[in-house]
There are 2 protein chains.
Amino acid sequence: MASTPKAPPIDKRRQILDAAIRVFARQGFHATRVADIADEAGVAYGLVYHYFKSKDEVLNELFSERWSLLLTAIEEADSSGDLSPRAKLEAVAGFIVDSYRHDPELMKVIIVEVTRAANSFGRTHLPEIRSAYDSIAKIVSDGQAQGAFRGDIDPTFASMSFYGAIEQLLSGWIFELIPAGDGDFDEAKSLVVAAICDGLEPR
Amino acid sequence: MASTPKAPPIDKRRQILDAAIRVFARQGFHATRVADIADEAGVAYGLVYHYFKSKDEVLNELFSERWSLLLTAIEEADSSGDLSPRAKLEAVAGFIVDSYRHDPELMKVIIVEVTRAANSFGRTHLPEIRSAYDSIAKIVSDGQAQGAFRGDIDPTFASMSFYGAIEQLLSGWIFELIPAGDGDFDEAKSLVVAAICDGLEPR
DNA sequence: CCACCGATTGACTGGTCAGTCAACCAACCT
DNA sequence: AGGTTGGTTGACTGACCAGTCAATCGGTGG
C-alpha cells in the first residue's frame, strides 16, 4: 500500500497532550507529576520523555498550539477591512469566549499556568503574549485614526484594559465566581465590548 | 522602665517578612527556597520556622496584611456618601495604583503569586478576593440605582471588568510591557476610570 | 552566681520526583 | 528465520528541599 503503512494506530503524542490538559486543569501544573500525565494517558512513564524533552515542554506545546490560533484570529479580524473597529473587538472577544466554551480545560490551563503566571511560564512566552496585546492595540489605534474611537486614550492602555477585562471574566468562570451557562457566554461577549466601547455611564 | 523591657532590639519576624517580599518578587514563590529567605533576612534557617508554620504561611501573611488594607480602602470609598459613584471607582483605582507605586515588589508578589494564581494560593484566598469584587460590584449597583450608571450591565460583570483592567495594567508594569514612570501612574488612574465609565467611543 | 526560658542556630532526615536508560516488543524487510 | 528500526516499558538514581530538633546563646530574676 502506498498510504500510511507505518503510522501507529493511535497518535500517542496527541494522547499525552490531551491527558496533560485534563490533569493540569485538575491539579495545576506544579502539583502534577509526570507519572500522573502518563497514567491519565494510559501510557508508560518513559513515553512522555520519548515525545517531549521535559514536563515544561508539554505545557509549552499546549500553550503555543492554542495561542497561535488566537493570534491568527486577531489578525484576521483586523484585516477584514469591512468591519468596524468595534466589530473587530467583538470578533476578538467572541473568539476568546468561544475558545473557553469549546475547551474550558485547555483555556484554564493556558490562563492559569501561562498567561497569568508571568513569573514562571509567562516569562518564556512574554513575546507571544505581547504580540496579542499589540495586535489589539493596532485595532484601537486604527479606530482612533478613523474617528470611531476617542483619541485621548493610549491604544496600548486600551488594549490592556480590554484584554484584562476578558481574562478576568474567564477567571471568573474558571473559579466559579460568576455563572457559566451558555447564555452567559453570549451575554458576556456583547457586554465586555459594550462596557469598553460605550462605557458604564449612560449616553 | 514600664515600657517594652523585653522586646528584642529588632523585629526579626518583620525582617523575615520583608526579606520574603524581596526574594519572592525576584525569583517567584516556587523557585525560592526557605534558605533564600533566611539568607536575605540575615537570619538562621530555623528561625523562619520559629515565626512561621511553613513557607506557605509566610506568603499567606504577606497577602492578608495587604489585602485587608485594600478591602478597607474600598469600604471607605463606598461609605463616603458624598462621593459620586465614579469618584468612588476613581478612589479604588487610585488606591491600587498607589499601592503599586509605593511598594511594587509586594504588589508583584500578591498579584503574581496569589491573585492571579487562583489554582494554588488564590484558592485559599478566594473568599477574600471575592470580597473585593463584591464591594466594587456594590458601588456599581448603587450607581445604577441612582441613575449614574446604565442599568443594563450586570454589576458583578462590571466589577470584574474594572478590576481585571486594573490588574492587567499592574501586570503590564510588573513585566515591563508598558512604561512605569511617575506620570504614567497618575495617567493610569484617570484613564482606567475614563475607559470604563465613558467608554472608548466618542460622546 | 546559678537556674531558667525564649530566641536563635544550622546540621540532618525523609520523602518526593524529574529525568535516564537498558531492556523489550512488534512490524517490516530480505 | 534473522536482522533492523523505532515505539514502548518501568525500575532506578541523583538532586533537591521543606521541615525537624537538639544544641547554644543571652538576658532576667532569684
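These are legends for close-up views of a predicted model. Residues are numbered from 1 along each chain as its sequence is written, with chains lettered from A and ligands numbered from 1 in the order in which they are written. Local features need pLDDT of at least 70 and side-chain atom pairs count only at pLDDT 80 or more, while totals for chains, interfaces and linings use all residues.

**View 1. The surroundings of DNA strand D.** Here we have 17 residues around the strand, with A:Ala44, A:Gly46, B:Arg33, B:Gly46 and B:Ser54 coming nearest (near: C-beta atom, placed from the backbone, within 6 Å of the strand). Two or more residues each come from α3 (45-51) of chain A and from α2 (34-41) and α3 (45-51) of chain B (helices: DSSP runs of H or I, at least four residues, numbered from the N terminus). The top contributor is α3(A), with four residues. By class, this surface holds 10 nonpolar, four polar and three charged residues (nonpolar: Ala, Val, Leu, Ile, Met, Phe, Trp, Tyr, Cys and Pro; charged: Asp, Glu, Lys and Arg; polar: the others, Gly among them).

**View 2. The surroundings of DNA strand C.** This strand has 18 residues around it, and A:Arg33, A:Gly46, A:Ser54, B:Ala44 and B:Gly46 are the closest. From chain A, α2 (34-41) and α3 each supply at least two residues, as does α3 of chain B. The largest share, four residues, belongs to α3(B). The class split is 10 nonpolar, four polar and four charged.

**View 3. Chain A on its own.** Nine helices and zero strands make up its list of elements. Its C-alpha trace spans about 60 × 45 × 35 Å along the principal axes.
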